[in-house]
Amino acid sequence: MATSLSKILFKGIAARSLTTHQTGSCYYGMRYFNTVSNDPDTHDDFKPANKLESSGISLSDVVGKDVKDNPVMIYMKGVPDYPQCGFSSLAVRVLTQYDVPLSARNILEDPELKSAVKAFSNWPTFPQIFIKGDFVGGSDIILNMHQTGELKEKLKDIISKK
């Protein structure tokens, strides 16, 4: 009895996991939808909101302001306290050696931000580090600059201000 019941359940789950819908996609039996329901009974509090669209500020403006206003700005996977990739972790570890104020944005939270940063710097990979408004590069470049002493020279004004 238990064997036949499990076979029936498995067949039902397998058949259901193969279905897809026009507005969504199916991944291992889980459905992810790309559109918001037009159901009039859906309350506005449950609809996604884009604060940037309503404010009239573009993502490229946000990136430009971040880079201009923060002496050391890093766009990374995760946050400095919890990097979510080895390259981001390496960049944070190198930069924290200098005891400088480190500002960061998590690119994993917003794919559009990720694209805006790539367009701003004309650089395809992450992390991306900006120092005093200038794009420096990624973790490999920061590590190399640290090893040659260039990074200490570039950060000396920021270190003394803290």
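Begin by colouring the protein chain by confidence: this is a predicted model, and the chain averages a pLDDT of 78, with 64% of the residues scoring at least 70. Select strand β2 (residues 30–33) and then strand β7 (residues 128–131), since the confidence of the chain is lowest in β2, at a mean of 40, and highest in β7, at 97. Widen the selection around β2 to residues 12–36, where the pLDDT is below 50 and where the model shows 20 contacts beyond near neighbours in sequence.

Next, return to β7 and bring up the sheet to which β7 belongs, an open one of four strands in the order β6-β3-β7-β8, with mixed pairing. At its edges you will find β6 (103–106) and β8 (134–137), each of which pairs on one side only. Neighbouring strands of this sheet are turned by 25° against each other on average, if direction is ignored.

Now select β3 (residues 72–76) together with β7: the two run antiparallel and are joined by four bridges, and Y75 can be found opposite Q128 of β7. Adding helix α4 (residues 86–96) shows a helix that packs on the sheet and touches both β3 and β7, its direction making about 165° with that of β3.

Finally, select helix α6 (residues 139–148), whose buried residues are S139, I142 and M145; seen down the axis of α6, these fall within an arc of 125°, so they line one face of the helix. The face turned away from that buried side carries the exposed residues D140 and Q147. α6 lies across β7 and β8, running at about 90° to β8, and is followed by G149, whose phi is positive, near 90°.

Technical notes
Residues are numbered from 1 along each chain as its sequence is written. This is a predicted model: local features need pLDDT of at least 70, side-chain atom pairs count only at pLDDT 80 or more; totals for chains, interfaces and linings use all residues. Side-chain values use heavy atoms; hydrogens and water are left out. Buried means under 20% relative accessible area, exposed over 50%, partly exposed in between (1.4 Å probe, protein chains only). The arc is that of the directions from the helix axis to the C-beta atoms. pLDDT is the predictor's confidence in each residue, from 0 to 100. Contact means heavy atoms within 4.5 Å. Two strands pair if DSSP finds at least two bridges between them. Axes are lines fitted to C-alpha atoms, for helices over the stretch in contact, and angles run from 0 to 180 degrees between N-to-C directions.
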